[in-house]
Amino acid sequence: MDQAPPAVASATANLRITEGQVGEIGPGGTLTYPSVTSCLTVTVRLQDGAKVGAHASLFQVPGEYRSDRILAAVGQRIGARGVRAVEVRGAVGAWDPSYFTKAIESYAEGEQVPVPTGPDPDGLAKVVADELGVPQGKVTVEDLPDGDQTVD
């Protein structure tokens with residue numbers, strides 16, 4: 001069985017979360033997601049002001065979370081704490097919502113991998129809400145151009 005990569009935590013004012021990683025920063029801290037090109041970021045704003053973030057990659061980075069395991073890791077990190085909001089940002093048009101439940105690299109040779117025909121923000125919001133156990137109304141999805149993302 002695959003061993004989960006360690007989550008990143010920070011007591012500092014800024015936490016950098018790279019592809020395939022999950023991390024948490026306390027109230028008042030900033031999350032930075034570098035080089036978001038074909039990726040999606042998921043930032044969970046907790047009731048206590050802390051933030052849990054994930055940098056979901058279309059293809060698994062060695063030693064890090066696959067897209068179909070990253071939301072479970074976020075959920076474990078959240079635990080029983082209250083969620084204020086969930087923000088999904090990045091290459092919305094590059095993602096089929098199913099990639100959060102079955103990663104591209106988990107398909108067998110010859111098996112058809114779903115390919116998005118266009119952006120599906122509602123589908124992404126639904127799968128993220130379902131996987132994290134939060135109401136869909138708490139999830140927003142935003143298509144952002146390539147580059148670094150900073151969440152205060």
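## A walk outward from strand 5

Start by selecting strand 5 (residues 40–46) and strand 6 (residues 51–56): they run antiparallel and are joined by 6 bridges. Helices (H or I, at least four residues) and strands (E, at least two) are DSSP runs numbered from the N terminus, and two strands count as paired if DSSP finds at least two bridges between them. What you have open is a predicted model, where local features need pLDDT of at least 70 and side-chain atom pairs count only at pLDDT 80 or more, while totals for chains, interfaces and linings use all residues. Residues are numbered from 1 along each chain as its sequence is written, and side-chain values use heavy atoms, with hydrogens and water left out.

**Stop 1: strand 5 and its neighbours**

Stay on the first pair and click V44, which stands opposite V52 in strand 6. The hairpin of strand 5 and strand 6 has 4 residues between the strands, and G49 there takes a positive phi near 95°.

Now add strand 7 (residues 83–90), which pairs with strand 5 in the antiparallel sense over 7 bridges. Here V42 stands opposite V88.

Is strand 5 mostly covered or open? Mostly covered: 7 of its 7 residues are buried. Buried means under 20% relative accessible area, exposed means over 50%, and partly exposed is in between (1.4 Å probe, protein chains only). Both faces are covered, with L40, V42, V44 and L46 on one side and T41, T43 and R45 on the other.

**Stop 2: the largest nonpolar core**

Go back to V44 and show what surrounds that residue. Leaving out residues up to four places away in sequence, V44 touches A50, K51, V52, V74, I78, V83, A85, V86 and L132, where contact means heavy atoms within 4.5 Å.

V44 is also one of the best-connected members of the largest nonpolar core: of its 32 residues, V42, V44, V86, F100 and V128 touch the most other members. A nonpolar core is a set of buried Ala, Val, Leu, Ile, Met, Phe, Trp, Tyr and Cys residues joined through side-chain atoms within 4.5 Å. Strand 5, strand 6, helix 1, strand 7 and helix 2 each give two or more residues to this core. Which element gives the most? That's helix 2, with 6 residues. There is also a second, separate core of 8 residues, which includes I17, I25, Y33 and V151.

**Stop 3: helix 2**

Select helix 2 (residues 121–132). At 1.5 Å a residue, its 12 residues should span 16 Å, and the end C-alpha atoms are 16 Å apart, which agrees; the expected span is 1.5 Å times one less than the number of residues.

Colour G123, L124, A125, V127, V128, A129 and L132, the buried residues of helix 2. They pack against strand 5, helix 1 (70–78), strand 7 and strand 8 (139–143). Just past the end of helix 2, G133 takes a positive phi of about 70°.

**Stop 4: strand 4**

Next, pick strand 4 (residues 30–36), where 6 of the 7 residues are buried, so this strand is largely enclosed by the rest of the structure. Strand 2 (residues 14–16) pairs with strand 4 in the parallel sense over 3 bridges, and the bridge partner of L15 is L31. Strand 9 (147–151) pairs with strand 4 in the antiparallel sense over 4 bridges; there, Y33 has Q149 as bridge partner.

Before moving on, click S35, which is found in strand 4. Most residues other than glycine have a negative phi. For S35, phi is near 50°, a positive value. S35 is partly exposed, with a relative accessible area of 45%.

**Stop 5: two loop leucines**

L58 lies in the loop between strand 6 and helix 1. Is L58 buried or exposed? Buried, with a relative accessible area of 11%. Beyond four places in sequence, L58 touches S38, A94, W95, Y99, I104 and E105.

L144 sits in the loop between strand 8 and strand 9 and is partly exposed, at 25% relative accessible area. L144 and R89 are 55 residues apart in sequence but 6.2 Å apart in space, C-alpha to C-alpha. With residues up to four places away not counted, L144 touches R89, G90, A91 and Q149.

**Last stop: a charge over a ring**

Finish on K102, which lies over the face of Y107, at 4.2 Å from the ring centre. The rule here is that NZ of Lys or CZ of Arg is within 6 Å of the ring centre and within 35 degrees of the ring normal.
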